[in-house]
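User: I would like to go through some of the labels used for this model and hear what each one rests on. Please give the reasoning each time.

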Amino acid sequence: MAHDKVTAEYGSLVFSDADMRQRLPKPTYKELSRVIRENKPIDLDIANEVAHAMKEWALEKGATHFTHWFQPLNGITSEKHDSFITIQPDDGSVLMAFSGKELVQGEPDASSFPNGGLRATFEARGYTVWDPMSPAFIKDEVLCIPTAFISYTGEALDKKTPLLRSEVALERQAKRVLALFGIEPMRVITNVGPEQEYFLIKEEDFEARADLRLTGRTLFGAEPSKGQELEEHYFGAIRPSVNAFMKELDDELWKLAIPAKTKHNEVAPCQHELAPIYERGSLAIDDNLLTMEKLKLLATNYGLACLQHERPFEYVNGSGKHDNWSMSADGRNLLEPGPHPEDNLLFLVFLAFLVAAVDEHADLMRASVASAGNDHRLGANEAPPAIVSVFLGDALTPVVEALIHKEHAEAHEDEIMDLGVPALPDILRDNTDRNRTSPFAFTGNKFEFRMCGSQQNLSDPNTVLNTAVAEQCERFCDYVAARSDEDFYVVALRFVRHTFRDHQRILFDGNGYADEWTIEAERRGLLNLKTTPDALPALIKPENIALFERYGVLNEAEVHARYVAKAEQYAKLLNIEANVMVHMARHEYLPAIISYSGDIATAVATKAELGIDARAEKALVRTLTEGANEVFDLANALDSKNDEARGIADVGERDEFYRDEVIPAMEALRAAVDGMETVCSKECWPVPSYNDMLFYV
């Protein structure tokens, strides 16, 4: 039965707690459990025993190699495979061995990863360090050990290390807050549920387009005859080939204990979504990166290509990755309002923390999701604008407003709705609707950060959010300590009231797409950082560097490195896109346009000899010739602008030049080529069109 298969295979490729309990000596298992449960250091003797058990388990699963699996600053994952074999010096025989030292620490070459200036090219050494809180797993018959990645001198060269540091900082400060309420949990953790959007197209179409292969998005393409305007794709019937792909994807993710739960068609043609059940923050991000890898790999089994770019196609929705975030103390959700949130002081305190954190660090929140790809998406359909705001909804907004005005208000009660059909059961309408135009929306018992891009590593926004909330926790504790002679309830409620009052400007429940909101947001003093070059400088503001340093998340050098790495990534991606556009224009589109116009010109000459009026052909030849000239000139102009950009040394100035000069040149070339697509014959056009790609059968 399917049920038996799922339960038997779920987590079968993960070195789970059950495997550790079965294979480790009882004292070793207890100590390792304590390390994981309490976030404590691990002893090398314990690591040796764990490594042996892990190796034996992996060998039984068919693995012959192991790798330290880490997340460099390029945002994806990296791995170097080492075999378990050890040659015996006396007789040359082979043993399969794996030591605690190999488990705990690796030494990959660190010189060729993005480092933002932390490492010189000749300084190659870096270290990977085992993260025992994320379980080892087997992928492609290789034992994968989740790790942090640091430089020879100890700086974080990855996305995971600062994330883990931010989780430590948040837990430490949150425990101080909870102690004031008489609560002393063993652990306080974040819970994250990343909703992953993606496109699927035919693999042959993907291979036929250099722009998709090299950049992940279509740099050219005329508007399709049909888009998403009929709204029939969202939650529509899933194509059989796509359904088969999704079924295999579920099976493979479940084997890795990734709790894939929901799958459906998204709004745009060929767009889909996968959502998991919530997990502990850093583990959920590990699992999302694995999910992204599996999406691309398994799609090819069905003749499909998976596109994870934020905007692979113009004229239809792009793809995001909604970062659903909450906190829990020993399983108790600290953002659960309960039936009467107006009387739930603990909830109101943590709600106030989130509102203040987002308002005070909106610039960092925006910078954490900034990328060349996401710039195409923010502000479009189904994506929030670049202005950061907080949505609380119909239930909580009256409570917050009443608190600000020193009044008492009750939250809206859940409402029973009678549908007017006796056979249909009455349903309960909950107290929170969704606002798809809101960047940071409360959705019942969590916040949904909707600005994240589909291909990004969620470590960055979660690192910022964790650190910003840790700051608010400490601020609350200091506020209470300074008023220790007053009643705690009175002091805490005053803190909540003042926090909501002081940060009321960030609260907005309306339409984020409306022009009026842009004007109103400016009046409120909210930032509108529309592009990556606008957003990234926030990372290196002195006050933001001080925030990360205060909580031990990133030092000044590490912050600067991330700014440089992100700025360089932006310029490099646009350089590649510009190069691809020029190449396609010169080597694919221009030859096609010229060839087609030549064929039409020959027809004109033939008809002229016969005395036949060729008015349509003559007009078409003129249009094609003028269009070819325009494409030729604009390709040269883009090439020149891109060459000029590459000569700018300062990363900030280079990014601004790409935004202000290169991108407009790219848009002009695209418009000219797309105009030619609308007049050339389908047979002569060198690449699949939007009509072909978005509406395959």
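Analyst: A helix here is a DSSP run of H or I with at least four residues, and helices are numbered from the N terminus. The model is predicted. With that wording, arginine 670 belongs to helix H22, which covers residues 651-677.

User: What makes arginine 670 buried rather than exposed?

Analyst: Buried means under 20% relative accessible area. Arginine 670 has a relative accessible area of 10%, so it counts as buried. Leaving out residues up to four places away in sequence, arginine 670 touches Thr218, Leu219, Phe220, Gly221, Glu314, Tyr315, Met581 and Tyr690.

User: One of those contacts is Tyr315. Why is tyrosine 315 called partly exposed?

Analyst: Buried stops at under 20% and exposed starts at over 50%. Tyrosine 315 has a relative accessible area of 39%, so it falls between the two and is partly exposed. Tyrosine 315 sits in the loop between strand E13 (304-307) and strand E14 (321-329).

User: What is notable about the phi of tyrosine 315?

Analyst: Most residues other than glycine have a negative phi. Tyrosine 315 is not a glycine, yet its phi is positive, about 75 degrees. Alanine 257 is also a residue other than glycine with a positive phi, near 60 degrees. Its place is the loop between helix H9 (240-255) and strand E10 (260-265). Alanine 257 has 23% relative accessibility, so it counts as partly exposed.

User: How many disulfides does the structure hold?

Analyst: The count is 0. Cysteine 452, for instance, is in no disulfide, and the nearest cysteine sulfur to it, that of cysteine 306, is 18 Å away. A disulfide needs two cysteine sulfur atoms within 2.5 Å. Cysteine 452 is buried, because its relative accessibility is 0%.

User: Why is cysteine 477 not bonded to cysteine 473?

Analyst: The cut-off is again 2.5 Å. The sulfur of cysteine 477 is 6.9 Å from that of cysteine 473, its closest cysteine sulfur, so the distance is too far for a bond. With a relative accessible area of 6%, cysteine 477 is buried.

User: How many aromatic pairs are there, and what makes phenylalanine 442 and phenylalanine 447 a pair of their particular kind?

Analyst: There are 26 aromatic pairs. The ring centres of phenylalanine 442 and phenylalanine 447 are 5.2 Å apart and the planes meet at 65 degrees, so the pair is edge-to-face. The limits are 6.5 Å between centres for a pair and over 60 degrees for edge-to-face. Phenylalanine 442 is buried at a relative accessible area of 1%, and phenylalanine 447 is buried with a relative accessible area of 1%.

User: Stacked or edge-to-face: which describes phenylalanine 508 and tryptophan 517?

Analyst: Their ring centres are 3.7 Å apart and their planes are at 5 degrees, so this pair is stacked. Stacked requires planes under 30 degrees apart. Both phenylalanine 508 and tryptophan 517 are buried.

User: Which residues form an aromatic cluster?

Analyst: One cluster is made up of Phe181, Phe350, Phe353, Phe476, Tyr479, Phe488 and Phe495.

User: What makes an empty space a cavity rather than a pocket?

Analyst: In a cavity a 1.4 Å probe fits but cannot get out, whereas a pocket is open. A search of the whole structure gives 5 cavities of 30 Å³ or more. The largest cavity has a volume of about 180 Å³. Its lining has 15 residues, and those nearest its centre are Asp460, Leu539, Phe548, Leu554 and Arg562. Helices H12 (362-368), H15 (459-481) and H20 (556-609) each supply at least two residues of that lining.

User: What is the volume of the largest pocket?

Analyst: The largest pocket has a volume of about 1,200 Å³. It is lined by 45 residues, with Asn74, Ile76, Gln455, Gln456 and Gln569 closest to its centre. H20 provides the largest share of the lining of the largest pocket, 8 residues. By class, this lining has 18 nonpolar, 16 polar and 11 charged residues.

Conventions
Residues are numbered from 1 along each chain as its sequence is written. This is a predicted model: local features need pLDDT of at least 70, side-chain atom pairs count only at pLDDT 80 or more; totals for chains, interfaces and linings use all residues. Side-chain values use heavy atoms; hydrogens and water are left out. On a 1 Å grid over the protein atoms alone, a cavity is a set of points where a 1.4 Å probe fits but cannot get out, and a pocket is an open set with protein on both sides within 12 Å along at least five of seven lines; lining residues have an atom within 4 Å of a point. Grid points are joined across faces, edges and corners, and a volume is the space filled by probe spheres set on the points. Buried means under 20% relative accessible area, exposed over 50%, partly exposed in between (1.4 Å probe, protein chains only). Contact means heavy atoms within 4.5 Å. Rings of Phe, Tyr and Trp (its six-membered ring) pair if their centres lie within 6.5 Å; planes under 30 degrees apart count as stacked, over 60 as edge-to-face and the rest as tilted. Ala, Val, Leu, Ile, Met, Phe, Trp, Tyr, Cys and Pro count as nonpolar, Asp, Glu, Lys and Arg as charged, and the others, Gly among them, as polar.
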